[in-house]
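Here are some exercises to work through with the model open beside you. Try each task before you read its solution.

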Amino acid sequence: MTATFKPARPIWCAGCGDFGVQQALENSMQALGIEPHDALIIAGIGCSGSLQNNVRCYGYHALHGRVLPTATGAKLANANLAVIGVGGDGDGYAIGGGHLMHTLKRNPSLTYIVMNNGTYGLTKGQASPTSPTGYGENIEENLDPMMMGLSIPGSTFLARGYTGQPAQLLELTTAALEHAKKGRGFAYLEVLSPCVTYNDTYRAWRTDVYDLEQDDGYDPANRGAAFVRMLELREQGRLPIGLIYKGERPALETLAANADFPAPALQDIDPAKFTEKYEQALQSFM
Ligand code: SF4
């Protein structure tokens, strides 16, 4: 008997930004014609990780911080699959931070959506790597993951959206999925997605965000200038949103492709074709 997966109802608090991320993702998948049987969502641990339960496609809940190596493996096993990693700032930037760096460097064609709320919502509001100084007892400087992405030469797509600006978020989500779908490499989209229960930043972010489209001369193909602009805006206490960087570089799955050894999920595994060799192997032990 075959069981058909039915998407679950979200379990997020009313008003959580993650609703907006899910909506943008579902609408973008539909707009790009990504069918449920061609998509795999791999989720991290945290409130945002439950997103994979709610969308009609394949889903897998990875170990804490291990979304990206799992997603890279899935992409290498089947390059035809639209692989989408989702998670939060705690999962992606603390325990998973090392994997993010190396995935930016490797450039596999998958999409990674980080719902950044500057807190560990699932465990009731501890400081995360993106919590500002003074959040609770946090004495550390917060991380800007987009600037980290810019500093890694292999990165090819960096964007930041905000759930308070859903039209732009939809555009950025679609652009990220398209980048990966066309085999152009790793599409990394961070979404400012407020946690209304433990760190309600809606009011502050409404004025802190800065849409890069306001900058006439901003060129997302110019990595150096983008970094300088991000730094300037950070010093002014602003949070840049929009397409931050887009570059060209061969994708990992293209470089790793080997005609003699098809990707594992695409190999012919018809048992009848291997029975003879199996029998021979058994005979060799007699
Ligand atoms: Fe969203 Fe925060 Fe509630 Fe978690 S605790 S579901 S992040 S609002």
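**Exercise 1. Find the contacts of Met147 beyond its sequence neighbours, and place this residue in the fold.**

Solution. Step one: set aside residues within four places in sequence, and Met147 is then in contact with Phe227, Met230, Leu231 and Arg234, where contact means heavy atoms within 4.5 Å. Step two: Met147 belongs to helix H5, which spans 145–150. Helices (H or I, at least four residues) and strands (E, at least two) are DSSP runs, numbered from the N terminus. Step three: with a relative accessible area of 9%, Met147 is buried; buried means under 20% relative accessible area, exposed over 50%, and partly exposed in between, using a 1.4 Å probe and protein chains only. Step four: from C-alpha to C-alpha, Met147 and Gly247 are separated by 15 Å, and they are 100 residues apart along the chain.

A note before going on: this is a predicted model, in which local features need pLDDT of at least 70 and side-chain atom pairs count only at pLDDT 80 or more, while totals for chains, interfaces and linings use all residues. Residues are numbered from 1 along each chain as its sequence is written, and side-chain values use heavy atoms, with hydrogens and water left out.

**Exercise 2. Describe the surroundings of the ligand.**

Solution. Step one: list the shell, which consists of Trp12, Cys13, Cys16, Cys47, Asn117, Gly121, Cys195, Val196, Thr197 and Tyr198; a residue is near the ligand if one of its heavy atoms lies within 4 Å of it. Step two: sort the shell by class, which gives seven nonpolar, three polar and no charged residues. Here Ala, Val, Leu, Ile, Met, Phe, Trp, Tyr, Cys and Pro count as nonpolar, Asp, Glu, Lys and Arg as charged, and the others, Gly among them, as polar.

**Exercise 3. At what angle do H2 and H4 pack, and which residues make the contact?**

Solution. Step one: two packed helices are described by the angle between their axes and the distance between the axes. Step two: for H2 (residues 67–77) and H4 (residues 97–106), the angle is about 35° and the axes are 8 Å apart. The axes are lines fitted to C-alpha atoms over the stretch in contact, and angles run from 0 to 180 degrees between N-to-C directions. Step three: H2 contributes Leu68, Pro69 and Thr72, and H4 contributes His99, Leu100 and Thr103. Step four: by class, this contact has three nonpolar, three polar and no charged residues. Step five: look at Pro69 of H2 again, which is partly exposed at 33% relative accessibility.

**Exercise 4. Are Asn107 and Lys124 buried or exposed?**

Solution. Step one: check the backbone, where Asn107 has a positive phi of about 65° although it is not a glycine, and Lys124 has a positive phi near 80°. Step two: locate them. Asn107 sits in the loop between H4 and strand S4 (111–116), and Lys124 in the loop between S4 and H5. Step three: compare accessibility; Asn107 is buried at 0%, whereas Lys124 counts as exposed at 63%.

**Exercise 5. Which residues does Gly242 touch?**

Solution. Step one: find Gly242 in strand S8 (residues 239–246). Step two: leave out residues up to four places away in sequence, and Gly242 touches Ala159, Arg160, Gln168 and Leu172. Step three: read its relative accessible area, 4%, so Gly242 is buried.
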